[in-house]
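User: I would like to learn how to read contacts, domains and helix packing in a model of this kind. Could you take me through them one at a time?

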Amino acid sequence: METLKKEVQEINTVKSVKMSGAEAVIRCLLEEGSTLAYGYPGGAIMPVYDELYKYREQFHHVLSRHEQGAIHSAQGFARVTGKVGVVFATSGPGATNLVTGIADAQIDSTPLICITGQVGSHLLGSDAFQETDIIGISTPVTKWNYQITKASEIPAVFAKAFYIAKSGRPGPVLIDITKDAQFGELDFSYNKCVKVRSYKAIPTLNIEKVKEAAVLINAAKKPMIVFGQGVILGSAENEFKNFIEKTGIPSACTGLGLSALETDHPLHVGMVGMHGNYGPNVLTNQCDVLIAIGMRFDDRVTGNLNTYAKQAKIIHFEIDPSEVDKNVKTDVAVLGTVKESLVEVMQFVNKGNHSEWMKEFHKLYEIEKEVVINDQLNPTKEGLTMSEVLAGINKETKGEAVIVSDVGQHQMIAWRYAKFTKTRSNITSGGLGTMGFALPAAIGAKMGAPDREVIAIIGDGGYQMTIQELGTILQTKAAVKIVVLNNSFLGMVRQWQELFFDRRYASTVMTNPDFVKIAEGYSIEANRVSKREDLADAIKKMTDSKEAYFLEVVIEPESNVFPMIPTGASVSDIRLT
Amino acid sequence: MEEKKNYTVSVYTENNIGILNRLSAIFLKRHINIESMTVSESEIEHVHRFTFVVIVTETLIRKVVLQLEKQIEVIGAFFHTEEEIIYHETALFKISSEHLYDENIQNKLKFRRAHIIAITERYFVIEASGLKEDIDNMYQKLKHYGLMQFVRSGRIAISRPRMAISDVLKEIAPEGEKSEDRSQKTEVQRII
């Protein structure tokens with residue numbers, strides 16, 4: 001405790017009041033402006049739940065149906081709002097059920113505070129009922145974690161936790177609180193944390209590096225931008241748009257960068273990566289300067305590193321020093337927030353126009369359209385494609401919806417075909433690829449953006465991983481629209497089996513229940529379509545609904561997502577068929 | 001293939017529970033074996049220093065050090081090659097007292113940084129310190145006497161070049177007068 005005091009700098013002292021540790025937990029959350037949490041009660045967190053009951057007018061708690069559902073909901077809320085998501089769980093299984101969501105939030109830089117109950121401090125290490133070492137378990141997948149054993153530690157630890165979760169590159173923080181610390185009494189006063197001495201949230205911007213980057217950008221004949229979620233996390237959408245419009249550089253996004261720039265922007269040339277667009281993938285290996293902005297060169301983006309953009313000078317705008325040169329060796333690294341760096345670099349870059357170079361992207365897009373897209377959107381086969389469902393949704397929502405995707409083929413189709421006009425509209429599990437993410441995340445997203453249409457696009461596999469969250473929808477009346485694209489397969493794995501394992505469909509065939517009946521069992525209006533002529537009306541009926549709605553679309557079972565960069569191949573060897 | 005070398009990694013951290021777990025997880029996730037590890041207080045109050053020895057490539061150690069430094073409670077992390085440090089290990093040998101007056105043992109003690117630190121009726125204890133190789137040599141020579149117990153410490157190391165940690169430490173703990181004077185040694189560039 002003494003050390004903790006030394007490590008942090010604080011502001012805003014609130015007058016001291018006596019209260020229990022459990023009450024202090026709620027008060028800390030309120031002090032941080034948090035009024036909503038997801039969770040599941042249990043023995044070791046009961047004192048906190050008792051306070052949640054007393055504070056129910058000021059603080060809203062959503063009862064999920066499984067802790068994994070709770071944390072994904074908190075992620076959905078955090079992703080759509082930019083605020084810190086809050087989750088409660090009890091000790092033991094409650095805490096371990098959070099782990100998938102914590103790992104997901106860590107790899108996708110989502111700010112979360114996970115609060116777990118723990119057995120009394122006198123029982124620690126004794127294998128007590130529902131005791132688990134959640135600090136040990138969560139260490140590799142949290143930005144920070146801490147075990148509170150005394151009530152008096154609560155305010156300082158929460159202040160530090162919020163600061164760490166949301167500052168710099170955001171991430172999940174876990175606070176484990178022993179039961180005696182929840183029951184214990186403290187003199188409550190709250191000081192917001194503004195600095196932790198051992199932690200530099202944002203690296204100091206080096207103006208020389210900015211100038212070096214500008215020199216390369218100004219000299220480039222065939223520059224290309226790849227932008228990622230950093231633009232969104234750093235609220236730098238406007239600065240980013242100003243930058244590309246001034247320089248005229250073709251810009252491609254990563255999966256998590258989607259929606260940072262509206263899809264129809266003339267400089268938006270699509271998405272890079274394994275199932276990204278043909279043009280930006282191929283031209284990655286032809287550009288002369290590659291400008292990476294708020295992205296981390298994930299292997300799903302780069303393909304084979306030995307053949308990735310070897311001809312190009314690489315500029316990396318990045319907040320996290322450990323990402324620089326981690327996968328791709330950069331020529332100029334500009335450390336700092338994307339926002340500040342882009343504002344600075346604007347002073348040094350020339351107004352540019354790369355229309356000739358842009359034509360290369362258009363040319364390749366036409367090829368992709370002819371070989372892949374046309375057939376996806378206007379198929380000649382009888383079976384419905386996932387892409388035409390997305391096109392139908394675009395038509396109804398005009399690109400204004402929040403699209404929450406799960407993991408698999410439907411996710412790649414959603415990334416490829418969903419149109420976005422607003423930032424923070426693509427909520428998805430990118431880095432970890434967590435099946436079961438979308439349904440609970442959509443609940444959180446709807447609560448974070450109640451005035452927006454929130455549509456979850458889910459496969460029949462992932463849907464059944466967290467299907468119990470229909471209960472949360474029933475109880476909270478969260479008006480999420482659920483679209484299950486049902487091909488009765490674990491589609492992406494099946495696609496790989498078809499392409500790389502001689503069609504040996506090992507455990508990818510799904511015998512599914514009647515999803516409509518299940519939704520109806522939860523009092524959710526539900527519909528199923530399997531014919532092309534019914535699709536448009538079905539989507540319209542769904543988007544017209546003011547309440548939660550379930551739509552199952554029966555999809556052609558054995559269709560594949562293309563283009564595709566096979567594992568280990570170069571981005572320029574992307575396959576169209 | 002890039003050459004693997006011995007690297008000594010010094011990590012300055014807050015003195016909190018769980019840091020060791022957090023640091024070792026970084027090595028674990030990249031499948032790196034820790035050859036030796038020592039933890040102690042540093043020149044600054046409440047700041048601990050971890051000294052790890054690992055055998056990896058320079059490319060990898062650079063990445064690892066950045067990931068160590070990224071941990072919230074890590075104040076600074078550095079890596080050095082063997083040439084850049086002065087290092088030491090200590091070992092204790094417990095030997096049956098029947099050999100106490102053996103001339104060979106006595107001779108060995110004369111020529112090395114080794115001495116007897118405890119004698120009882122049944123056994124005596126030799127302490128030796130030096131480089132890893134010195135301890136290895138000593139072990140080879142003494143093992144014939146039937147070692148009752150043998151233990152050796154991890155490496156402790158002081159860098160020859162100045163570490164930029166001195167500035168960081170000064171900033172966070174101004175009372176840290178013990179930290180090195182800026183003008184004294186050549187600056188080691190931090191990685192970024």
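Analyst: Let us begin with contact, since the term has to be fixed before anything can be counted: two residues are in contact if their C-beta atoms, placed from the backbone, lie within 7 Å. Please keep in mind throughout that this is a predicted model.

User: With that cut-off, how many residues of chain A are in contact with chain B, and which element supplies the largest share of the side of chain A?

Analyst: On this criterion, 20 residues of chain A are in contact with 19 residues of chain B. Helix H1 (2-7) and helix H7 (134-138) of chain A each supply at least two residues of that side of chain A, and the largest share, three residues, comes from H1(A). Sorted by class, the side of chain A that touches chain B holds nine nonpolar, five polar and six charged residues.

User: Where do the domains of chain A lie along the sequence, and which elements of domain 1 touch domain 3?

Analyst: The assignment divides chain A into domain 1 (2-196), domain 2 (207-361) and domain 3 (378-554). The C-alpha centres of domain 1 and domain 3 of chain A lie 31 Å apart, and the contact takes 25 residues from domain 1 and 27 residues from domain 3. On the domain 1 side, strand S3 (36-39), strand S4 (60-63), helix H4 (67-81) and helix H6 (99-107) of chain A give two or more residues each, with H4(A) giving the most, eleven residues. That side of domain 1 has nine nonpolar, twelve polar and four charged residues.

User: How should I read the packing of two helices, and what is the angle between H17(A) and H18(A)?

Analyst: Two packed helices are described by the angle between their axes and the distance between the axes. Here helix H17 (residues 386-397) and helix H18 (residues 409-417) of chain A pack at an angle of about 45 degrees, with their axes 9 Å apart, which makes H17(A) oblique to H18(A). The crossing of H17(A) and H18(A) is right-handed.

User: Which residues meet there?

Analyst: From H17(A), A:Met386, A:Ser387, A:Leu390 and A:Ala391 meet A:Gln409, A:His410, A:Ile413, A:Ala414 and A:Tyr417 in H18(A). By class, this contact has six nonpolar, three polar and no charged residues. As a general guide to such spacings, an α-helix has 3.6 residues a turn, so residues three or four places apart point the same way.

Technical notes
Residues numbered from 1 in each chain as written. Chains lettered and ligands numbered in written order. Predicted model: local features only at pLDDT ≥ 70, side-chain atom pairs only at ≥ 80, totals over all residues. Helix = DSSP H or I, 4+ residues; strand = E, 2+ residues; numbered from the N terminus. Nonpolar A, V, L, I, M, F, W, Y, C, P; charged D, E, K, R; others polar. Domains from an automatic or database assignment. Axes fitted to C-alpha atoms, helices over the stretch in contact; angles between N-to-C directions. Parallel < 35°, antiparallel > 145°, perpendicular 65-115°, else oblique. Left-handed = near helix turned anticlockwise from the far one by under 90°.
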